[in-house]
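Colleague: Before I rely on the terms used for this model, I should like each of them set against its rule.

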Amino acid sequence: MPEWKKPLPTISGETKPFWDACRQGNLLIQRCGSCQEYQFYPRGICANCWCEDIQWVTASGRGTVWTFTETRQNRTPGFEEEIPYVLALVELEEGVKMFTNIIECDPKEVKIGMAVEVTFVQANQQVSIPYFKPAA
Amino acid sequence: MSTVDLTKAAAIVGIHEHVTRYAPDKSELQIQGESVIKAVEDAGLTKDDVDGLLTAGNIRNSGLNLADYLNMYPKMVDNTTVGGGSFEFHLSHALNAIAAGRINCAVITYSSLARSGGISVGTGGVARFGHPRLDPSPDSFEELYGLTTVGLYAMIAQRHMHLYGTTSEQLAEVAVAMRKHASMNPEALFRDPITVQDVVNSRIISTPLHLPDCCVITDGGGAVVVASAEMARNCRHDPVWVLGAGEAVAHQGAGKRDLQFIAAKQSHEPAFAMAGVTQDDIDMAMIYDSFTITVLETLEDLGFCKKGEGGDFVSGGRLQVGGELPINTDGGGLSSNHPGMRGIFLLLEATRQLRGQFEGTPRQVPDCQVALCHGTGGALGSRHSGGTVILGKD
């Protein structure tokens, strides 16, 4: 496996289930057992009603591009070599937005509202990172 | 909730802009120190009059180290650091402390050596913060994807174009107006006029933003002295009153917020209410211009035009001196200076305009009675702060 030059996530107790699921090819988000609101990024509390009854649920992995930018300049190692790449906010079917890259797609083809689906890239033995690609 | 009337409880009485744009031979503390001394002198006050110290930045030039450098023993120290707009928050906090009677006089100061330090503020990616290791959240759900500061604003510009038909030419109008103002400021970094075509034909940094849609990177600093009404009456210049202030943050809202609406939407209402003025009363505005889209979004969410109409609003010279709402008459961050956190310069230029310092020159906004400053810090696409202050003459 080639060395992963880009930044890697730091995994903590409250985010470990998310990263464990990524290794299995599942995208987890959270839902509050009390107020029923979805939330992202994962955290140890419900950001809506401030209770601690947080449940993990498997997202469908489908969503749409909420907005994006084709990045032409970034000096961070790993990204500098991939320019141009698409940084995007994807809105999942469940209603929460997440940062991602749109991959397996010509940057010129990316549009707001475009249907996308999750795909995972293995960075190393411990970490797989969720990305999005045009929906089949 | 009982409220105290804060309007005109405090005034800006002294200012200084450290005009350097490149100062590799100075330290950040030295720039702050020199600025503080000159601003206090501008006010006609002395070191002993100052009992509050407010600054933003890093631990090296925080209130603790700065009080040491200046050999001050302030009764109030405030290191609120919420990005570029921190200094509008500082003015709001100084107003509170003065109105409460805890201090009589505060100095707000800032410096940065972003340019001589070679800091890629806009396009350095995660390396811009020098993080050896991402925080578990939110970094680990964001920085994996190659965020840049420019990109986080570009995403909001992209969606603005998608929703409202805003064009690159309209964004360019902001850059053109700022450059025109910079041509009247001998200290500005870039002073040669540019056209809309120059902007849209230039290199793209992150779609849809071109290089001139992005602010410059410079060194620099400054200081603002704020005093109680009683002290302000006896200072060298006429007081520039703090009429109103409001503070806000905006963020992803656990994945649910529509970030097309920025913090200015929340911060401007309390500021206008406190000041007892409306948008129509504002003679000039200092609008944080990290990027052209920042200005467009801010003007909309401050209520100067409707959401989605910013593209039309910024066109046709409206933002230039002589137009309906002149903004950033120093040339702004887009052309004059941007050492990383520009909010203090908004207060400096608004004060100069309200003092009538450029009377008899094209830079002066005629009959300038009321000015608005809005600082934005952080990034529109992820999380940011917004501080609105309204200033006025007697």
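The exchange below takes up the salt bridge, the contact between the chains, the cavity and the backbone.

Modeller: This is a predicted model, in which local features need pLDDT of at least 70 and side-chain atom pairs count only at pLDDT 80 or more, while totals for chains, interfaces and linings use all residues. Residues are numbered from 1 along each chain as its sequence is written, chains are lettered from A and ligands numbered from 1 in the order in which they are written, and side-chain values use heavy atoms, with hydrogens and water left out.

Colleague: Why is the pair Glu37(A) and Lys256(B) called a salt bridge?

Modeller: The term requires a side-chain nitrogen of Lys or Arg within 4 Å of a carboxyl oxygen of Asp or Glu. The side chains of Glu37(A) and Lys256(B) meet at 2.4 Å, N to O, and therefore satisfy that rule. The count between chain B and chain A is one salt bridge.

Colleague: What makes up the contact between chain B and chain A?

Modeller: Contact means heavy atoms within 4.5 Å, and 44 residues from chain B and 45 residues from chain A take part. The two chains bury about 3,600 Å² between them, 60% of it on carbon and sulfur atoms; buried area is the accessible area (1.4 Å probe) that two parts lose on being put together, summed over both. Phe141(B), Tyr145(B) and Met155(B) supply 23% of the area that chain B buries against chain A, more than any other three residues.

Colleague: Why is the space lined by Phe40(A), Phe141(B) and others called a cavity?

Modeller: On a 1 Å grid over the protein atoms alone, a cavity is a set of points where a 1.4 Å probe fits but cannot get out, and lining residues have an atom within 4 Å of a point. By this rule there is one cavity of 30 Å³ or more, and the largest holds about 90 Å³, a volume being the space filled by probe spheres set on the points, which are joined across faces, edges and corners. Its lining draws on both chains, including Tyr41(A), Met98(A), Pro138(B) and Gln252(B).

Colleague: Which peptide bond involving Pro138(B) is cis?

Modeller: The bond that joins Ser137(B) and Pro138(B) is cis, with omega about -5 degrees. A second cis bond joins Thr207(B) and Pro208(B), with omega about 0 degrees.

Colleague: What makes Gln36(A) notable in its phi value?

Modeller: Phi of Gln36(A) is near 70 degrees, a positive value in a residue other than glycine.

How values were computed:
1 Å grid on protein atoms, 1.4 Å probe; cavity = no way out; pocket = protein on both sides within 12 Å on 5 of 7 lines; lining within 4 Å.
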